[in-house]
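Biologist: Got a minute to go through this one with me? I'd like to start with the overall build and then look at some side chains.

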Amino acid sequence: MVATLNHILNMGSESLQNSRVGVDVTGHNISNAQTPGYSRQQVNLETKWPIQYGMQIFGDGSRIQNIRRSHDKFIEGQLRREVQVQSRTETLSEGLKKLESFFNPDLTSTIRDRFTSFTNSIRELSNYPEEPSVRINMIESGKGLCQSFNSTHANIVQVQTDANEEIRQNINLVNQKIAEVAKLNGQIREMGAGNLSDVNDLEDRRDKLIKEIGNIVDINVYKDNNDQITIRGPAECLLVEGNLASRFMMEDTYTVNHMPNVVVSEFNKERYFDMTHNIKTGKMGALLQIRDKYAQGLRDEVNTLAKGFAESFNEIHVKGYGINDMRDINGRDFFEGLDGPGEPAQDIEVSLGIVYNPNAIGAAMSTTSPGDNVVSNKLVKLFYEPLYDDNTTTITGVYDKMISKLGIAALKTKEDATASQIIYDRLKAQRESVAGVSLDDEAANLLKYQHLFTASSKVITTADEMYKTVLDLKR
Amino acid sequence: MAINPRISEQYRYGTTLDRIGTVKNIADDVNDTAISGRKLKRISDDPVATIRVLRNRTRITNLDQYRKSLDFGRGFLAKTEDALTSIYDSLIRAKELSIQQSNNIYDEPSRKAVAEEIRQILNHVIILGNTTYSDKYVFGGFQTTQPPVSPDGHYLGDDGYIFVQVDEDSFRPINVNGRTVFDVPGGLEGKRPPLVNILENMYDSLFAWDRDKLHQSMVDLDAAMNSVVTATASLGARRVALEDVSERLDRGESQLHSDNNNLEGADMVKSALDLKRAENALNFTLQASSKMLTPSLLEFLK
């Protein structure tokens, strides 16, 4: 029945209830104003179904339709895609910065500097081939050159090792998040079943986790009608489906030179799919690129440089005769260590026989001629003759090409990272403008619902007074 | 974005921090440039300029070595030239004496006295032939560690030419072939004896008077003196050429230094202005941010 005092009382108390819910939700928003990934929630009130009575149609008050989060799916999708680019370019830029720092122009002990001092020590040898001190100086310069190769090689390998470590940590992190998303899928399905409201907080949490997973590895996200999210990873492998989760794993490292692969085990079955070449974006994509493309490429180039240089040097040096006790002996290599067990740049060193007896340095073209510097002059020419790359580049030219390739890659990645950061920040701002909590808004809401509460209680007290009046009708 | 976008709490704090961060980054970079005085701190700052800077630096270092080699070469040539000049002077004296003796009839004591003088000249020539520069015998070719002229006149050196690098792709020979002076140069074998033997013959012919032998040795002496003159002339030319190279190296160096400065050095005036500007920007941003993070509506509700 409508328009009875009971009906009025009911409407008042329902309205009270609604306003309490409003303040509740507002309080929830305020306390989550600084929670990252939170979408503000709004109470949607609607009128109840009107009731027909007699010749009139009466309204029946209001009820809560649902509590919905303000959330723009389109922006969320864009953010998911952009975070992958942003984290990839940022990580790549940092990795390249580290690699290029081994060749910075303000360093004075790079391979190039040592080439210069080695060349000049040979020039001095040409002036005084009979002098033991000059020979010792050349050996020391040669040792310095080998050391710069060794340490550059070691530094590059360290970058690769560090990258492996970081990949391992990120794998642990991403596995945790994947498992959590699967769990949330299950919980959202349970809680959401039969309820009119969406499970807002859990969905916020799930969205945040998905973005964090996207930060690390390539993903594609699909949502179905039951609010379940399926995440497919690199090469469209299944990472999350329903409440099932896959795991990433990394092979153990067997040797120093072994670059372990990253594999995925779908839903914890015993089958592993090798994903190393399919992970292209996210932090892991960048780390794999640094490890397998940039650092490895640099390592290969340094090895080629060391081997190529030392071999051409030795080719000339074997023709040279020594002095004093070595005056009729030639055929010695100056540099050794080029054929293993390690890599050329790692193992290159001055031949121990020569270190032990500087007289063995072959400067002379013929036996028993102490002032003969023909071979040492030939050795000097080696440094500025174009012998490499099909006779177009000098030895320092090869080095210059190597580092300028690196520098240009670093520069380009820096610019990409800046551009991507700008886009990402703009998307974040857009999301915030839709989903973010503004304390001014919430303050106004508080006022709104409080007034509603006050007004609704007024309806109740009015109905109450009417009751009293009616009861007083009969004494 | 909507025309009037909503400003949420996280946006306010987030962007404020971002803006402060950006300004601080710029200030940091400007500081770094001003302190180090370099605008080229990493390869990626300017890859092309980096390569040029490195090449210039190598060239500057090489210049020092070229100067050392030049000094060595010039010293070697000077010492050799001195020795040859002294040898020539001695030979002239020997020639004078022999002309005197051949024209006039002197008695035996005076002839023997002249013979003694010839012997002195011979010894002097041997000593000059074994001149050293920086512990290297200059007339021995590649045999620089032992005296090339033996006491009995044999040339013990070899035919090596010592080349020294004084510039990119510029190798100069710095020694004289001792064989042309002290031994019989190729093609003239049998035509005249080595220099010391000529003087030896002269001595013999005066000590035990032999007119024909004296005449023969005078002819041989002329030929030997020709060799000395030829050798001296070629030396002189080489010395002049080295002076040229030295001047050219000096002129080139200052250009390299200024080139490098332009490429990698920071302009101090610009740095100072940038610093001031960055400081101001940081101050203003911080002030503006504090105004932005002011109260919300909540604080005005009772």
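Modeller: Sure. First, a term: the radius of gyration here is taken over C-alpha atoms, and the globule rule is 2.2 Å times the number of residues to the power 0.38. Also keep in mind that this is a predicted model.

Biologist: OK, so what radius of gyration does chain A have, next to a compact globule of 475 residues?

Modeller: Chain A has 38 Å, while a compact globule with that many residues would be near 23 Å. The C-alpha trace spans about 145 × 45 × 35 Å along its principal axes.

Biologist: And how many helices and strands are in chain A?

Modeller: There are 11 helices and 13 strands. Buried residues account for 49% of the 475.

Biologist: Switching to rings: how many aromatic pairs does the structure hold?

Modeller: 20 over all chains. One of them is A:Phe118 with A:Phe334, a tilted pair at 5.8 Å centre to centre with 40° between the planes.

Biologist: Where do those two sit in the chain?

Modeller: A:Phe118 is in helix α3 (residues 111-127), and A:Phe334 is in the loop between α6 (282-317) and β12 (335-336), so the pair links parts of the chain 216 residues apart.

Biologist: Why is the pair of A:Phe334 and A:Phe335 called edge-to-face?

Modeller: Because their planes are at 80°, and over 60 degrees counts as edge-to-face. Their centres are 5.0 Å apart.

Biologist: Is A:Phe334 buried or exposed?

Modeller: Buried, at 0% relative accessibility. A:Phe335 is buried too, with a relative accessible area of 1%.

Biologist: Which residues do ring pairs link into a cluster?

Modeller: A:Phe115, A:Phe118, A:Phe149, A:Phe309, A:Phe313, A:Phe334, A:Phe335 and A:Phe383.

Definitions and conventions: Residues numbered from 1 in each chain as written. Chains lettered and ligands numbered in written order. Predicted model: local features only at pLDDT ≥ 70, side-chain atom pairs only at ≥ 80, totals over all residues. Heavy atoms only, no water. Helix = DSSP H or I, 4+ residues; strand = E, 2+ residues; numbered from the N terminus. Buried < 20%, exposed > 50% of the residue type's maximum accessible area, 1.4 Å probe, protein only. Phe/Tyr/Trp six-rings, centres within 6.5 Å; stacked < 30°, edge-to-face > 60°.
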